[in-house]
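Reader: I should like to examine how the descriptive terms applied to this model are justified. Please set each value against its criterion.

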Amino acid sequence: MKRNIRKMSALVISAALLMSGCGGTTTTNSSTEAPAATAAETTASAETKEAETLATTEAAKETNAEAAEESGEVQLINAGIETNYESIYSDTDRKYLGGGYYPEITLGSYVNGEYVEGNENHPELVKAIDTYNKNTAECFKSDMDSAKELADEDPRFKEEDNEGYSYSVDMDASIERSDSNIFSVSASNYSFLGGAHGNTVITGFNVDPKTGEVLKISDVVTDKDAFIDAVDKQLHEEYPDIEEGLVVEDLKTAISDLYDGKDDMNLQFYMTHDALVTVFSAYDITAYAYGPEFVSLYYTDSADFLNEKYLKTTKDYAAEIGLDAPFSFETGDGTKKSITVNYLEPIGDDEYASEYTLRMSLDGKEYTEKLESIYGMRAYILVKDDNAYIYLDMSSDNDWHITQIYDINGSEIKKVGDFTEEAFYDVKPIDPSDFIMSSRGGLLSTYGIFRHYEMDTDGKPVPLTDAWWINNDFELTLNKPLKLSVMDELTEDCSDNGTETEIPEKTKLTLVRTDELNWVDARTPDGKIARIYVDTSDWPRKVDGIEIEEAFSGIVFAG
């Protein structure tokens, strides 16, 4: 009987998630929350001289990476996730019915301040990701069409005092591991379409970067029986009351059926730096109130029944930690640990409360902290030279993000500090020795800026350069002729080797780079670089002795 309940529950969920209907009225936009994420929409121009010059360093990195991979050394692969948003409204009165978002995986890295998509070393991985992105977008749009159809028939939308009621289709993804042996993503699909409660389905997307093959659990496991025994044992250890919540007749039989893809239900998993994680969403094996369940099998404990091809990893790494999902990792001395970063919980009954309690747990030892004016967060683990730290990227007022860092190397979580001037925003860290953090610049106007960082031994982010890149193709127009230092191209060391030149009135300058203290580099229409020195000794600031808003059109300072 339980087996039938499980099948019926799964079918009901699938129907709710996958129904398709006639199109509704939608408004779509890509996420522009982070300055650096906006820069990811552009590609490096091969026509500019500075790209040719400064790309030498990146070319050397690629050559080294190719040589390392040929020797069998595992290499990190730069990747990111962009978020696309969509809303639905009623056709009659334009009432808001619901909204959602879906992820889009990108491969690429920043070169000379611009995001270059693609990975020439792994063309098959690029193809697999393109297919995944296409299928994800189609699934999301189908679910949104279903939401629109159902909402049009839902009487609760017609109640005048029910303004807060809406549907949701929220699809998210986290890059768990990204290297030349495995590209692994965990994805969650939360939907609320008018039922008693919403439901979350967690899936894995695992690809062999060399072949582009999307892996099944049987591609990673070499001994099915040993694997099932290990999963069953871990489930009972981690969830002692699991037998009470089962919706299947026999747990091992259910795991075996999922392993074999029986009834088109596949066992979901993803791979981190240190462990194979098997995930059971609600109704896979237990009732809604019991799920989801996570089982982490460390490679060092499970090598006898796992394919050794996928177990070799990099020494240092960075990865996103799903909120409320246990993340297992191994320290340099072989100590095995598990950390959970819980969802922010509002304090009080106010619907718009901005005070939350942060709850984290390291091997069962809890850490709590009161947070103010925080509206959401993403969590990352960065491991370098056997030191592990948690970075929390937190969104605050006016789309401003802050970073909070925690030391997880001992037996308890210890706070390293708050960093209010830089954060990841939507740019995912992959390499703790080279990651992007963004901020907001204001030397010559207000614009998004970003630069490369590395994690120091104390866990703090250290900039690799003093200069920041300016994104969004921020443009100013000269209101009058100005004498500026003009260089043929950007200099790698940020020095000024230009010649004083008068730039004519109405010339458009695209801001490229700044030290946020004294100067801004801008590209001229003929591809040269004009360095603009800003006198900050008084307000209004001046350039070439002229107040900046008199000298330029297009300057906007955020209040």
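Reader: What makes the contact between the side chains of Arg 378 and Glu 320 a salt bridge?

Author: In this predicted model, the N to O distance between the side chains of Arg 378 and Glu 320 is 2.7 Å. A salt bridge requires a side-chain nitrogen of Lys or Arg within 4 Å of a carboxyl oxygen of Asp or Glu, and the pair therefore qualifies. The two residues belong to distant parts of the chain, 58 residues apart: Arg 378 lies in strand β17 (residues 376–384) and Glu 320 in strand β11 (residues 317–321).

Reader: Why is Glu 320 called buried?

Author: Its relative accessibility is 4%. Buried means under 20%, so Glu 320 falls in that class. Glu 320 and Arg 378 are also part of a salt-bridge network that includes Asp 172 and Lys 428.

Reader: How do you know that Asp 154 and Arg 156 form a salt bridge, and which class of accessibility does each residue have?

Author: The closest N and O atoms of Asp 154 and Arg 156 are 3.1 Å apart, and the limit is 4 Å, so the contact counts as a salt bridge. Asp 154, at 5% relative accessibility, counts as buried. Arg 156 counts as partly exposed at 32%, because that class lies between the 20% and 50% limits. The structure holds 24 salt bridges.

Reader: What makes the salt bridge of Lys 224 and Asp 260 a tie between separate parts?

Author: The side chains of Lys 224 and Asp 260 meet at 2.8 Å, N to O. Lys 224 lies in helix α6 (residues 224–238) and Asp 260 in helix α8, so the pair ties together parts that are 36 residues apart in sequence. Lys 224 has a relative accessible area of 24% and is therefore partly exposed.

Reader: Why is Glu 249 classed as exposed?

Author: The relative accessibility of Glu 249 is 53%. The class of exposed residues begins over 50%, so Glu 249 belongs to it. Glu 249 is placed in the loop between α7 (242–245) and α8 (251–260). A surface patch of negative charge gathers Glu 249 with Asp 241, Glu 243, Glu 244 and Asp 250.

Reader: How do you know that strands β15 and β16 are paired?

Author: Eight bridges join β15 (residues 355–362) to β16 (residues 365–372), and the strands run antiparallel. Pairing needs at least two bridges, so the criterion is met. One of the partnerships is that of Glu 355 with Glu 372. The two strands form a hairpin with two residues between them, and Asp 363 in the turn has a positive phi of about 50 degrees.

Reader: What makes β13 a further partner of β15?

Author: Strand β13 (residues 336–341) pairs with β15 in the antiparallel sense over three bridges, again satisfying the requirement of at least two. Val 341 stands opposite Met 360 in β15. Strand β15 is described as mostly covered, with six of its eight residues buried.

Reader: Why is Asp 386 partly exposed, whereas Lys 506 is exposed?

Author: Asp 386 has 40% relative accessibility and counts as partly exposed, while Lys 506 has 65% and counts as exposed; the dividing value is 50%. Asp 386 is in the loop between β17 and β18 (387–395), and has a positive phi of about 70 degrees although it is not a glycine. Lys 506, in the loop between β27 (499–503) and β28 (508–514), has a positive phi of about 75 degrees.

Conventions: Residues numbered from 1 in each chain as written. Predicted model: local features only at pLDDT ≥ 70, side-chain atom pairs only at ≥ 80, totals over all residues. Heavy atoms only, no water. Buried < 20%, exposed > 50% of the residue type's maximum accessible area, 1.4 Å probe, protein only. Helix = DSSP H or I, 4+ residues; strand = E, 2+ residues; numbered from the N terminus. Patch = residues over 30% accessible without salt bridge, like charges linked within 9 Å, V, L, I, M, F, W, Y side chains within 5 Å. Areas by Shrake-Rupley, 256 points an atom, 1.4 Å probe, with all protein chains shown as cover. Lys, Arg positive; Asp, Glu negative; His and termini not counted. Charge placed at Lys NZ, Arg CZ, Asp CG, Glu CD.
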